[in-house]
Amino acid sequence: MLARSLPRDRVRITLLESEEIGTVGVGEATIPPIRELNAMLGIDEDAFVRATQASFKLGIAFEDWHSVGERYFHPFGRFGASLGTLPFQSYWHELSRRDADRAGPLLAYSLPGMAAAAGRFCRPSPDPRNALSNISYAFHFDASLYARFLRSVAEGGGVERVEGRAVATRMTADGAIEAVVLSDGRTLDADFFIDASGFRGLLIEEALKTGYEDWRHWLPCDSAIALPTSAHEPPRPYTRSIAGPAGWQWRIPLQHRTGNGHVFCSAFLSADEAEAQLRSSVAGRPLAEAKRLRFTTGRRRVAWNRNVLAVGLAAGFLEPLESTSIHLVQSAITRLLALFPDRGFAPADLAYYNHATAREYERIRDFLVLHYHATERRDSAFWEHCRAMAIPDTLRERLDLYRSRGRFFPAEFDLFLEPSWVAVMEGQGVRPAAPDPLAAVHAERLAELLPRIRGTIAAAVTAMPPHERFIAEHCRAPAAA
Ligand SMILES: Cc1cc2nc3c(=O)[nH]c(=O)nc-3n(C[C@H](O)[C@H](O)[C@H](O)COP(=O)(O)OP(=O)(O)OC[C@H]3O[C@@H](n4cnc5c(N)ncnc54)[C@H](O)[C@@H]3O)c2cc1C
């Protein structure tokens, strides 16, 4: 992204990476803005899908989150159509109260949601009058293949890659970073450093001691185990998130294999037990050793400190429940480009960057806490803890507002918009005490209009090909080596 945007004759970009250290190697589910990144980089989507063994993602199925045996879906994109001055769910609440059968489930008003349930996929129609224009999607892909793919894009764009291991930093008199020293004695000096070194935060933390805000009291999971298995069914066009006694498991279907993982809280479950639970519930044959990871949910106190900007895991970590981490890298670089510094590093630029980043992380944090806190589960100490725990005031306000009349208002730097919040609140059993009184204005028309919208969506879904056939016709990857 930087190579595409910065003037080549004035800015040189060097990427330092260490094969010896490697990447975290997980992170396979994404959200729709990644398509904007691909477009900005001039990436051909079919070539990208083939190169990364990718499949398409229309949302996430949350199983056993509300209560054991219950399932709901968080689809990408909006619900229904715009019918008046209120958001769609207000009209749906009104009709549900009068005639629940006629209103049907909220998911019936989501084209991506219904397509996911039917295992179908196609790209959106460019014609805005066509119901198929409302398809919002992202991808599941093999994280190491994606890293390799992006590396070739970056090198093609003029980025110089240096293989080596940073072991020390040289500082300026006023506490900024002057150079990074490699294990073989080479040094890399620069005006500006982007710390993308992963959880350690080599520059932002080890050198600059920036500090970290720990959010484990709100998001208690601190461990994960990843275990890829052979594909045992055609890839579904959605991620599965299955809650368990002390966390949840992911299922990410790729073309050549399934990514599986167990995210859990070590205070309630040992790593051995977590691995045993994962192994006993995956389908398919394990393809690698299980990989164990520990993490601290939270964010760096400031992401941009002096001449160091932290991105990715070095800037913070929000657990993968809504697949947001790769997006946060994209969003960080987008924001950096909007505030690109000169050697003076204007304090106002850094202050705005840090403010925006902090709010962005906090809004996502609230959305994740919602999944854990608003549950009816009482079957384990972990869920009792989540139900009883204190939650951020910003989340409490949103929940109170929705529980009153089903209202939701956007906040600055929200990544997840109203339809996502509504899908998860409804799925987790957060319901308004009464419909918005203004929805009654259209009460007569709703009984006729809403079933018509459902019918249009259902008909559009039947016109879509099965996900597997779409991949076969457009972007089947070569068989994995
Ligand atoms: C369990 C789990 C599941 C996840 N699932 C998702 C998901 O579904 N979707 C999603 O969007 N994100 C997910 N993520 C997050 C995602 O994996 C990361 O955001 C993404 O991989 C980016 O990581 P990174 O580049 O910041 O760090 P890393 O992948 O750790 O990369 C760090 C880089 O720095 C280099 N490096 C480190 N130290 C040195 C050194 N001393 N010298 C030279 N080079 C060095 C390494 O070689 C490596 O290239 C998940 C994370 C975890 C832990």
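In this predicted model, a backbone N or O atom of Leu 313 is placed 2.8 Å from an oxygen atom of the ligand, a polar contact being a pair of N or O atoms within 3.5 Å, where within protein one atom must be able to donate a hydrogen and the other to accept it, and residues adjacent in sequence count only if both atoms are side-chain atoms. On its own the ligand would expose 990 Å², of which the protein buries 90%, with accessible areas taken from the Shrake-Rupley method with a 1.4 Å probe and, for residues, only the protein chains shown counted as cover. Strand 1 (14–17) and helix 10 (325–338) are the elements that give two or more residues to the shell around the ligand; helices (H or I, at least four residues) and strands (E, at least two) are DSSP runs, numbered from the N terminus. Further backbone polar atoms approach ligand oxygen atoms at 3.4 Å, from Glu 28 and from Ala 196.

Around the ligand there are 28 residues, and those that come nearest are Val 26, Ala 29, Ala 166, Leu 313 and Ile 326, a residue being near a molecule or strand if one of its heavy atoms lies within 4 Å of it. By class this shell comprises 15 nonpolar, 10 polar and 3 charged residues, where Ala, Val, Leu, Ile, Met, Phe, Trp, Tyr, Cys and Pro count as nonpolar, Asp, Glu, Lys and Arg as charged, and the others, Gly among them, as polar. Residues are numbered from 1 along each chain as its sequence is written. Local features of the predicted model need pLDDT of at least 70 and side-chain atom pairs count only at pLDDT 80 or more, while totals for chains, interfaces and linings use all residues, and side-chain values use heavy atoms, with hydrogens and water left out.

Leu 313 and Ile 326 are both listed under "binding site" in an unreviewed UniProt entry, whose annotations may be inferred rather than shown by experiment. Leu 313 lies in the loop between strand 20 (308–310) and strand 21 (316–317) and is buried, at a relative accessible area of 18%, whereas Ile 326, in helix 10, is partly exposed at 28%; buried means under 20% relative accessible area, exposed over 50%, and partly exposed in between. Apart from neighbours within four places in sequence, Leu 313 is in contact with Val 24, Gly 198, Phe 199 and Arg 300, and Ile 326 with Gly 27, Thr 30 and Phe 141, contact meaning heavy atoms within 4.5 Å.

The UniProt "binding site" annotation (unreviewed entry) also covers Lys 57, a residue of strand 2 (residues 55–57) that is buried, with a relative accessible area of 0%. Beyond four places in sequence, the residues that Lys 57 touches include Ala 29, Thr 30, Phe 76, Tyr 137 and Ser 323, and a polar atom of the Lys 57 side chain lies 3.0 Å from the backbone oxygen of Thr 30.

Two helices are mostly covered. In helix 4 (residues 88–98), 8 of the 11 residues are buried, among them Phe 88, Tyr 91 and Trp 92, and the buried residues pack against helix 5 (100–103), helix 13 (393–405), helix 14 (418–427) and helix 15 (443–462). In helix 14, 9 of the 10 residues are buried, including Glu 418, Trp 421 and Met 425, and these buried residues pack against strand 4 (71–75), helix 4, helix 11 (347–373) and helix 13. Just after helix 14, Gly 429 adopts a positive phi of about 90°.

Conventions. Buried means under 20% relative accessible area, exposed over 50%, partly exposed in between (1.4 Å probe, protein chains only).
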